[in-house]
Each structure stands twice: as structure tokens, then as C-alpha cells.
Amino acid sequence: MTTDSDIMLSGPFQATDGKGRTLDVKAIRIFDEGYGIIDVYADFKDRLEPGAYKDTALLRQLVERLRALGYKGPDFGHGDPGLQESRTIVLEAPEEFTAFAKSRGWKNLAEDFD
């Protein structure tokens with residue numbers, strides 16, 4: 001699930017999908033370096049139903065978890081459908097997420113070229 005290049009934003013918690021099922025989220029994480037847009041990875045204990053990354057109720061709870069940890073900003077969209085996995089939902093963070101990510105140790109590699 002994680003590597004040395006991950007920044008853990010949240011540990012385990014439970015979320016409910018749009019059908020009312022309780023899902024165990026193992027972690028929410030980002031990679032420690034990137035260029036501009038940040039992908040946020042929500043890892044789940046069990047396999048997700050196909051298309052779970054489009055479940056607005058579930059996505060809202062993932063963002064609310066980040067807000068409880070200090071993120072202030074708009075909701076996220078789901079990441080590229082090709083990035084989604086059977087136990088991971090990839091979210092594309094809005095630009096406003098950058099300040100929160102930096103506060104957690106994320107480095108924008110593009111700034112090295114400014």
C-alpha cells in the first residue's frame with residue numbers, strides 16, 4: 001500500500017458508500033513529490049465495486065475526512081479512470097489542496113524551475 005515516497009494524510013477509518021454499505025478505509029495518502037496537480041490515494045481494505053470512484057457519497061466522506069485534518073477548500077474530482085484500482089480510489093485534488101499538502105511535507109518539483 002505505501003512506499004517510502006508516500007505521505008500519509010489519514011490512518012484507518014470507516015466510510016459509507018451511496019448504497020449504505022460500510023467500507024474500511026486503510027489510509028489516505030499522497031506522493032511526497034510531484035508537478036502541480038496532486039493525486040490523492042484512498043486505499044481500502046476490501047475490493048471495491050466497479051465504478052466506486054464515481055460514488056458521490058463516498059467521495060464526499062473522503063474529502064470530509066481531509067477537512068477534519070485541516071484541509072480547507074473545494075471538493076475533489078475523481079482522478080483519471082485508468083488510475084483507479086480494485087482497492088484504491090484516486091482523487092484529483094483542486095489547486096487549493098496544495099497549501100495543505102505542503103503543510104504535510106509535499107514538495108512541488110515545478111517550483112525548482114521557477
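**Salt bridges, core and hairpin in a predicted model**

Me: In this predicted model, is Glu64 buried, partly exposed or exposed?
Reply: The relative accessible area of Glu64 is 40%. Buried means under 20% and exposed means over 50%, so Glu64 counts as partly exposed.

Me: Which side chain meets that of Glu64 in a salt bridge?
Reply: The partner lies with Glu64 in helix α1, three residues apart, about one turn of the helix. The N to O distance is 2.8 Å. At 24% relative accessibility the partner also counts as partly exposed; the residue is Arg67.

Me: Which residue in strand β5 forms a salt bridge with Arg29?
Reply: Arg29 is in strand β3 and counts as buried at 8% relative accessibility. Asp6 forms a salt bridge with Arg29, with the closest N and O atoms 3.4 Å apart. In the pair with β5, the closest N and O atoms are 2.5 Å apart, and the partners are 14 residues apart. That partner counts as buried at 4% relative accessibility; the residue is Asp43.

Me: Which element supplies the largest share of the largest nonpolar core?
Reply: This core has 29 residues, and Val40 and Phe97 touch the most other members. Elements that each supply at least two residues include β1, β3 and α2. The largest share is five residues, and the element is α1.

Me: Which residue takes a positive phi in the hairpin of β2 and β3?
Reply: The two strands pair in the antiparallel sense over four bridges, with Thr22 the bridge partner of Thr16. Five residues lie between the strands, and the positive phi, near 85°, belongs to Gly20.

Notes:
Residues numbered from 1 in each chain as written. Predicted model: local features only at pLDDT ≥ 70, side-chain atom pairs only at ≥ 80, totals over all residues. Heavy atoms only, no water. Core = buried A, V, L, I, M, F, W, Y, C linked by side-chain atoms within 4.5 Å. Buried < 20%, exposed > 50% of the residue type's maximum accessible area, 1.4 Å probe, protein only. Pairing = 2+ DSSP bridges.
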